[in-house]
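Thanks for coming. I will walk through one structure, part by part, and leave time at the end.

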Protein chains: 2
Amino acid sequence: MEAESAIEPTHRSPSERLYAGVRTRILHGDFGPGAALKPRELADAEGVSLAVAREALLRLVGEGLAVRLHNRGFAVPSMDADRWQKIAEARIATEPVMLRMSMARGDIDWEARVHAAHHRLRRTPVWTEGGPFYSDEWSEAHRQFHRCLLEGCANDILLDLFDRTWVASELARRWSTSAMPRGVPLRSVQPRDGVAEHAALEAAVLARDADRAVDLLVQHLTLTAESLRAGHGHGAPNG
Amino acid sequence: MEAESAIEPTHRSPSERLYAGVRTRILHGDFGPGAALKPRELADAEGVSLAVAREALLRLVGEGLAVRLHNRGFAVPSMDADRWQKIAEARIATEPVMLRMSMARGDIDWEARVHAAHHRLRRTPVWTEGGPFYSDEWSEAHRQFHRCLLEGCANDILLDLFDRTWVASELARRWSTSAMPRGVPLRSVQPRDGVAEHAALEAAVLARDADRAVDLLVQHLTLTAESLRAGHGHGAPNG
DNA sequence: AACTAAGGAATGATCGATTATTTGCTACGC
DNA sequence: GCGTAGCAAATAATCGATCATTCCTTAGTT
């Protein structure tokens with residue numbers, strides 16, 4: 001395998017293109033919570049058949065990024081106030097156990113990857129140029145870092161569960177930041193020092209201090225949930 | 001809308017019928033691990049179009065009951081020796097935390113449902129008439145009982161994760177039992193008293209003894225994994 | 001004998017059109 | 001005036017056929 005996935009991303013199959021496009025747009029919050037995802041529209045916009053749009057939507061449903069309403073098509077998942085809490089709770093319930101497993105098993109190579117992931121995260125600009133949104137690069141680096149911490153557990157099933165929860169979390173996060181009024185960028189409602197939190201987490205992990213690492217992780221997740229909850233109710237575009 | 005979901009189950013949409021049928025057959029082990037799932041065959045067998053078969057397969061992929069190979073169609077997930085361990089480990093990692101949450105939050109109504117689920121489980125015959133297989137009714141009652149124990153946590157995200165893991169677990173279990181030689185039914189390699197285990201678990205849960213309940217659950221999961229591992233390598237139909 | 005390359009059969013992906021269901025509106029009766 | 005039956009537009013589900021890729025056979029070569 002050489003340059004197989006790195007060549008032209010736009011050269012892939014129609015199905016793949018449309019799937020990736022819609023996925024990105026959902027994650028970016030281009031569709032509001034509960035918005036209908038119409039196969040015809042998506043297909044026409046990409047110049048492709050209905051079947052590929054349906055396929056893309058079906059895949060998204062499997063991933064938790066869309067829901068299906070019986071005989072009423074597809075839609076972006078809706079988001080109510082306490083879904084936040086549920087997602088944060090799920091992460092707090094599952095990730096600490098995984099982190100302990102990861103730290104108990106991870107080898108030198110894993111340590112190196114954690115270090116690299118943290119380095120990348122630290123060096124990636126958090127904010128986009130103009131808007132109050134996280135940059136795509138930072139979002140991806142952020143995901144990589146958190147996943148990397150847990151990858152030492154070497155359990156595909158558990159990492160799958162992480163991926164699912166992460167997607168739900170990102171979706172919710174995006175809507176929360178989208179709900180912010182334009183004049184009040186996210187940084188003002190997030191006085192925490194995310195960089196320091198990640199650094200402390202990395203340090204504890206590499207020092208193999210499991211108790212401290214779990215503490216820091218739970219704290220990190222709790223603070224994230226709280227800052228996002230604080231960002232709610234400012235004037236969400238819809239319900 | 002009157003009798004909408006309770007009428008003829010065979011009267012549902014073609015898509016639903018085929019989906020449910022294939023799902024059941026996969027769970028029953030009618031296709032070996034890694035077996036190809038060909039849309040054309042499935043569609044023709046049910047007398048429906050290719051699109052319907054593809055849709056069903058896509059849904060199955062989202063559920064973890066099928067995998068997709070790039071430009072090479074769909075297949076039943078393959079199963080290697082240590083996948084067992086991974087699945088058991090995932091359950092042992094996640095379910096105890098959920099059980100504690102559930103027991104901390106569950107109300108009287110939840111207790112009643114746990115009791116009912118256990119009653120149903122206890123009264124359902126475990127084995128099918130002729131073969132060495134679990135009966136469908138028992139499998140479903142078993143799932144309901146275990147899920148019910150955790151439902152007190154009142155967290156959709158976490159219960160979703162349980163559902164996924166359970167499906168993987170059931171798939172693996174079925175293949176393990178299928179691998180048994182015909183003359184040696186499963187009961188002989190499973191000397192444990194599953195009924196007593198479930199009863200003890202129910203008792204600890206209803207007594208709100210979280211530590212004991214978690215202990216029993218972990219023990220239950222561990223024994224399951226071990227008995228299933230013991231059943232491996234007898235002469236699996238394929239790889 | 002083994003390895004490689006061409007070609008055909010099988011299967012996967014995509015398409016355009018048709019059928020069935022839902023939705024929103026309108027007209028009618030109470 | 002309100003509720004409801006019925007019609008029409010929109011959209012979801014399904015179909016049969018076509019295009020593209022992979023797999024398997026076979027012939028040719030070293």
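Start with the loop between β2 (67-69) and β3 (73-75) of chain A, where you will find N71(A). Please keep in mind that this is a predicted model. N71(A) is not a glycine, and yet its phi is positive, at about 55°. For background, most residues other than glycine have a negative phi. Is N71(A) buried or exposed? It counts as exposed, because it has 6 C-beta neighbours inside 10 Å, and the cut-off for exposed is 12 or fewer.

There is another residue of this kind to look at, in chain B. A154(B) also has a positive phi, near 55°, and is a residue other than glycine. It sits in the loop between α6 (136-151) and α7 of chain B. A154(B) has 17 other C-beta atoms within 10 Å, so it is partly exposed.

Now chain A as a whole. How many helices and strands does chain A have? There are 10 helices and 3 strands. Going along the sequence, the order is α-β-α-α-β-β-α-α-α-α-α-α-α. Chain A has 239 residues, and 33% of them count as buried. If you take the contacts in chain A with a separation of 6 or more, 72% are between residues 24 or more positions apart.

One buried residue deserves a stop. W84(A) belongs to helix α4 (residues 83-105) of chain A. Why does W84(A) count as buried? It has 22 other C-beta atoms within 10 Å, and the threshold is 20 or more. What does W84(A) touch, if we set aside its neighbours within four places in sequence? The contacts are A172(A), A225(A), L228(A) and R229(A). As for a residue it is separated from, take P125(A): it is 41 residues away along the chain, and the two C-alpha atoms are 25 Å apart.

Next, a pair of helices in chain B. Two packed helices are described by the angle between their axes and the distance between the axes. Here the pair is α5 (residues 108-123) and α8 (residues 194-206) of chain B, with axes that come within 11 Å and cross at roughly 170°. The helices α5(B) and α8(B) are therefore roughly antiparallel to each other. On the α5(B) side, the contact is made by E111(B), V114(B), H115(B), H118(B), L121(B) and R122(B). On the α8(B) side, V195(B), H198(B), E202(B), V205(B) and L206(B) take part. By type, the residues of this contact are 5 nonpolar, 3 polar and 3 charged.

Now put the two chains together. In chain B, 24 residues are in contact with 24 residues of chain A. Which helices of chain B supply at least two residues each to that side? They are α3 (50-63), α4 (83-105) and α7 (156-178). Of the elements of chain B, α4(B) gives the most, with 9 residues. The side of chain B that touches chain A is made up of 13 nonpolar, 4 polar and 7 charged residues.

How are the copies arranged? Chain B superposes on chain A by a rotation of 180° with 0.0 Å of shift along the axis, and the RMSD is 0.0 Å. The two copies are thus related as by a two-fold rotation axis. In chain B, the C-alpha nearest that axis belongs to G62(B), at 1.8 Å. Both copies use the same surface, as 100% of the contact residues of chain B recur in chain A.

Last, the DNA. Around DNA strand C there are 19 residues, and the closest are S13(A), S15(A), S49(A), A51(A) and G73(B). At least two residues each come from α1 (14-28) and α3 of chain A, and from α2 (39-46) and α3 of chain B. The most, 3 residues, come from α3(A). The surface near strand C divides into 9 nonpolar, 6 polar and 4 charged residues.

DNA strand D also has 19 residues around it, with G73(A), S13(B), S15(B), V48(B) and S49(B) coming nearest. Here the helices that supply at least two residues each are α2 (39-46) and α3 (50-63) of chain A, and α1 (14-28) and α3 of chain B. The largest share, 3 residues, is that of α3(B). By type, the surface near strand D has 9 nonpolar, 6 polar and 4 charged residues.

That is the tour. I will take questions now.

Notes:
Residues are numbered from 1 along each chain as its sequence is written. Chains are lettered from A and ligands numbered from 1 in the order in which they are written. This is a predicted model: local features need pLDDT of at least 70, side-chain atom pairs count only at pLDDT 80 or more; totals for chains, interfaces and linings use all residues. Two residues are in contact if their C-beta atoms, placed from the backbone, lie within 7 Å. Helices (H or I, at least four residues) and strands (E, at least two) are DSSP runs, numbered from the N terminus. Ala, Val, Leu, Ile, Met, Phe, Trp, Tyr, Cys and Pro count as nonpolar, Asp, Glu, Lys and Arg as charged, and the others, Gly among them, as polar. Copies are superposed by least squares on the C-alpha atoms of residues with pLDDT of at least 70 in both. A residue is near a molecule or strand if its C-beta atom, placed from the backbone, lies within 6 Å of it. Axes are lines fitted to C-alpha atoms, for helices over the stretch in contact, and angles run from 0 to 180 degrees between N-to-C directions. Angles under 35 degrees count as roughly parallel, over 145 as roughly antiparallel, 65 to 115 as roughly perpendicular and the rest as oblique.
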